[in-house]
Amino acid sequence: ADRSPCSTETADSGWAAFVAWQQDARRQALEGVLHWSALYQQSFDRLTAMPPSMAQDTYLENTVLLLSVARKYEAREMDAQQFAQVREQIERQLAARLQ
């Protein structure tokens, strides 16, 4: 595949930075330091600032779902176990779609 160095390297480094940030933020959410809804709101904001791509569309779609679920959890409309199950299901679907 012919890859133009400028755009692809910038996009790749942007994705690498996003993934590194997201892993750290997810760890904070798991530890209870960061609200899940804050994680997904920040993910959404960071994603919308990135160059458009199919991966971006897929991540955005899943982030909106996860944000909605996190808000329900934080509003006590579901318990921690239900939230974890739904979150893991959405994350598995995201991983499958990105392959």
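A residue is called buried here under 20% relative accessible area, exposed over 50%, and partly exposed in between, using a 1.4 Å probe and protein chains only. This is a predicted model, where local features need pLDDT of at least 70 and side-chain atom pairs count only at pLDDT 80 or more, while totals for chains, interfaces and linings use all residues. Residues are numbered from 1 along each chain as its sequence is written, and side-chain values use heavy atoms, leaving out hydrogens and water.

**Figure 1. The whole chain: four helices and zero strands.** Helices (H or I, at least four residues) and strands (E, at least two) are DSSP runs, numbered from the N terminus. Following the sequence along, you get the pattern α-α-α-α. The chain has 99 residues, and 29% of them count as buried. Take a contact to mean heavy atoms within 4.5 Å: among contacts between residues at least 6 apart in sequence, 55% join residues at least 24 apart. The chain exposes about 6,500 Å², with carbon and sulfur atoms supplying 53% of that. Accessible areas come from the Shrake-Rupley method with a 1.4 Å probe, and for residues only the protein chains shown count as cover.

**Figure 2. Helix α4 and its buried face.** The expected span of a helix is 1.5 Å times one less than its number of residues. For the 19 residues of α4 (residues 80-98) that gives 27 Å, and the end C-alpha atoms are indeed 27 Å apart. F83, R87, I90 and L94 are the buried residues of α4. Looking down the axis of α4, these buried residues fall within an arc of 65°, so they line one face of the helix. The arc is that of the directions from the helix axis to the C-beta atoms. As a reminder, an α-helix has 3.6 residues a turn, so residues three or four places apart point the same way. Turned away from the buried side of α4 is a face with the exposed residues Q81 and R92. At the N-terminal end, D79 acts as the cap of α4, with a side-chain oxygen 3.1 Å from the backbone nitrogen of Q81.

**Figure 3. R26 and E91, a salt bridge from α1 to α4.** A salt bridge here is a side-chain nitrogen of Lys or Arg within 4 Å of a carboxyl oxygen of Asp or Glu, and the structure holds four of them. Zooming in on one, the side chains of R26 and E91 meet at 2.8 Å, N to O. R26 sits in helix α1 (residues 5-31) and E91 in helix α4, so the pair ties together parts that are 65 residues apart in sequence. Both ends are partly exposed: R26 has a relative accessible area of 26%, and E91 has 22%.

**Figure 4. A salt-bridge network of D24, R27 and E31.** R27 pairs with E31, with the closest N and O atoms 3.2 Å apart. R27 and E31 are four residues apart in helix α1, so about one helical turn separates them. R27 is partly exposed at 38% relative accessible area, whereas E31 counts as exposed at 51%.

**Figure 5. R97 and E61, a link between α4 and α3.** The side chains of R97 and E61 form a salt bridge, at 3.1 Å from N to O. With R97 in helix α4 and E61 in helix α3 (residues 54-74), the pair ties together parts that are 36 residues apart in sequence. R97 is partly exposed, with a relative accessible area of 43%, and E61 is partly exposed at 43%.

**Figure 6. Helix α3 and what follows.** The 21 residues of α3 reach 30 Å from first C-alpha to last, close to the 30 Å expected at 1.5 Å a residue. Its buried residues include Y59, L60, L66, L67, V69 and A70. Just after α3, R76 takes a positive phi of about 65°.

**Figure 7. S37 in helix α2, with H35 in the loop before.** S37 belongs to helix α2 (residues 36-48) and is buried, at 15% relative accessible area. Leaving aside residues up to four places away in sequence, S37 touches L67, A70, R71 and E74. With E74 there is a side-chain to side-chain polar contact at 2.5 Å. A polar contact means a pair of N or O atoms within 3.5 Å; within protein, one must be able to donate a hydrogen and the other to accept it, and residues adjacent in sequence count only if both atoms are side-chain atoms. H35 is in the loop between α1 and α2 and counts as exposed, at 56% relative accessibility. The C-alpha atoms of H35 and A25, ten residues apart along the chain, are 9.6 Å apart.
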